[in-house]
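Student: Please take me slowly through one part of this structure, the place where protein meets DNA, and explain each term as you use it.

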Amino acid sequence: MAVDLGNRIVVLIDMDCFFCQVETRLKPEYAGKPLAVVQYNLWRTGGIIAVNYEAREFGVTRHMRGEEAREKCPHIILAVVPGSRGKADTSRYRSAGREVIDVLKKHCTMVERASVDEAYLDITQIVDDQLAKKEFDPAVVEELKTTYVIGHSECNVNNEEQRRKGLEEWIAEAAEDIQIQRLAIAGRFVEFLRQEIKETTTFNCSAGISFNKILAKLACGLHKPQKQTILPASSVSKLFGSLPVKKVRNLGGKLGDMVIDALGCHVMSDLLQYSLQDLQSRFDRKTGHWLYHIARGIDNEPVTPRLVSKSIGACKRFPGKQTIVKVETLRHWLGELSSEISERLEQDFEENERKATSLTVSFHYIQNKKVISQSRAFALTTYKQEKIAEMSINAVLKVTQDLPISFLGVSAGKFIKSRGSENLKKFFKPSSSLNNLQGSEKEDVNNFIDEHVELIKKLKTQITNSNSSNENNSETSKNVSIPIEQSSNSQFCSTSLKINDKFSPYKYESATVFNETVMEKKNEPKSNISFFVSNNAMLKLQEIFPDLDDIDLDVLHMLPMQLQDEAKKFLKVKGIKNLSEDINILKQKLSNSKACEKQEVKLVAKSGRGRPPKCKLVVSNYSNPQTDIQHFFIKTGTNNKAENFKKCLQCHQLILTNKFEEHNDYHVAQNVQLEMNSLLASDERRKRKLSDETFDQFS
DNA sequence: CATGGGCAAGCA
DNA sequence: TGCTTGCCC
């Protein structure tokens, strides 16, 4: 029978025993041997946080101490998480996780980083495009070399014969079933992705392929490691007939216990007997609604494109005898935690061009033998370690006085884009490095300014006009842009500024020497400001001149030769007439989008091979993707009629027809933003040291 | 004496 | 904003 779970194809990519793989890449001699990763190793040989599959054979699991693991498996290797500032530091795994994300984002625009080693992908468009382009060929079965299909082989067993037989049995029905075709094409694509990950990072992973996040996640876990699993809609009911409630994402904790205890539901299909009203009365409205639908395999949570985390934090527990009782000790640890996040925030600023604006200090203290958890949040105006530490210490002491402290955490979040506007002025204004420039360089810069000052003023006027129609003082805004090019193989020509850490707004006071950061072209001479030329990026003139009415000559003097050349090229091909046309289109777009609150107009230089570059305008934004996009979605429980909705081809959500255009703008903007981020980040990473890492084959 | 460190999101 | 829950390794 036909089971409709919607038209999305959602994938979860999940690295196999990730921390173990990272350690094995560093020390290839670990390959093939039982291995666990522990945090700390003084007390009972540390706590195990990851176990490889060789060690699992011996019954070693997480939640064990290193000691216990040694009892079960005497030859086990216990790799210790690096220690820094007196605490475990997991940055090694975070950057390894980024490598994986970098591979994924090359092949898919809708990637949501769900954890350090997991990502959800919405590949609906990719699959349907492929299927539209080329008729389905059952021979794809030959490319599904590590694919299992639920309902056609036993779960939790990796048996090649069974796998192959089940797969062929399933594919045999493909001719009459478009959903089989779609999933098979998806499977082939995911095989490809996993192979790409393997080749570029050495890491193995598993994947789940289905119609939504919950099912993809579920499927992924059923044939680990190094396998991928397709969960067709028609197999859901059978699977749920024996699937323990707690195996489903979000039901692994207290809610799952409540479902079991209050309803006596032990497997998912037990939930089917309850009506929506039943569930909503026993739980809250939202939870009841979710339970009712998830019991039927329905989950509408969209894959929200996001490659970076929303917060950066560091914390440490001080259990038992280690509880902090002296102010001195408190100062020490908050100093260490502040130091770590300060460093990580600076790095994040480099990689992601954003600034955290909020700092939250969390702490647990003990009063009357009870642990009390509290947190305090502040505006974050500096990344200076001393300031962060001072704020944190004051906040904690104010509450705890002399009470013992068992936990400390510092976390920064509420990021805003740091490009453009006043932040750059801050970097440059106090700079004394102008003196470091050679005479000829100065001259070049001055010529550049003279040549283009009129043009810049005109641009400024246009930009201001465009912005004034949408004045709003909200600090968040929305990304709205005009598509630059649909075809994927078209060439773009662009230049973008990249500020390295010495330019951080929080460090500029002490920055007198500027490091060079040249991306893409490795042998370029050193310069004060880094930049890159890419074949598919965009020129962002306003980043160079954030406030065109208030150009600080010192700023312009600092422009490197390469940038000047690029800028000249750009400005020569740039015509005001062209620009004003684009601004008109832009204005029209903006007036349609009431969610757009604060715009920044940027120039995008586009050039095809053998034809002159052309300019387009892009309005870029500072926004929170979730909150913005969700306002377009259907509110469940409202009585909207089907004809009022239109389906979005990008995220496959039903959108209110009258919001559709706005919604679409969102995606366009998001894609541009993602592209920019990805370019900046990958170039940044390329220059980062990888020397201590080895790329030998993982077992 | 004790998995620990780390993320995201929901709720009031 | 502060607190809790859930999940990852």
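Tutor: In this predicted model, a polar backbone atom of Ser375 lies 2.5 Å from a phosphate oxygen of DNA strand C, which is a polar contact (a pair of N or O atoms within 3.5 Å). Ala377 also reaches the strand through its backbone, with an N or O atom 2.5 Å from a phosphate oxygen, and a polar backbone atom of Gly252 is 2.9 Å from a phosphate oxygen of DNA strand C.

Ser375 and Ala377 belong to a wider surface, since 25 residues surround DNA strand C, and the closest are Arg62, Lys217, Asn250, Ser375 and Ala377; a residue counts as near the strand if one of its heavy atoms lies within 4 Å of it. Looking from the side of the DNA, sugar and phosphate account for 83% of the atoms of strand C that come within 4 Å of the protein.

Several elements of the fold build this surface: helix H1 (18–26), strand E3 (47–51), helix H10 (254–263) and strand E14 (370–379) each supply at least two of its residues, and E14 gives the most, with five. Helices (H or I, at least four residues) and strands (E, at least two) are DSSP runs numbered from the N terminus. Sorted by class, the surface near DNA strand C has nine nonpolar, seven polar and nine charged residues, where Asp, Glu, Lys and Arg count as charged, Ala, Val, Leu, Ile, Met, Phe, Trp, Tyr, Cys and Pro as nonpolar, and the others, Gly among them, as polar.

Two notes on how to read all this may help. Residues are numbered from 1 along each chain as its sequence is written, while chains are lettered from A and ligands numbered from 1 in the order in which they are written. Local features need pLDDT of at least 70 and side-chain atom pairs count only at pLDDT 80 or more, whereas totals for chains, interfaces and linings use all residues, and side-chain values use heavy atoms, with hydrogens and water left out.

Turning to the backbone elsewhere, His63 has a positive phi of about 70 degrees although it is not a glycine, and His63 lies in the loop between helix H2 (53–56) and helix H3 (66–72). Thr202, in the loop between helix H7 (178–201) and strand E10 (205–210), is likewise not a glycine and has a positive phi of about 75 degrees. His63 counts as exposed because its relative accessibility is 79%, whereas Thr202, at 6%, counts as buried; buried means under 20% relative accessible area, exposed over 50%, and partly exposed in between (1.4 Å probe, protein chains only).

Key:
A polar contact is a pair of N or O atoms within 3.5 Å; within protein, one must be able to donate a hydrogen and the other to accept it, and residues adjacent in sequence count only if both atoms are side-chain atoms.
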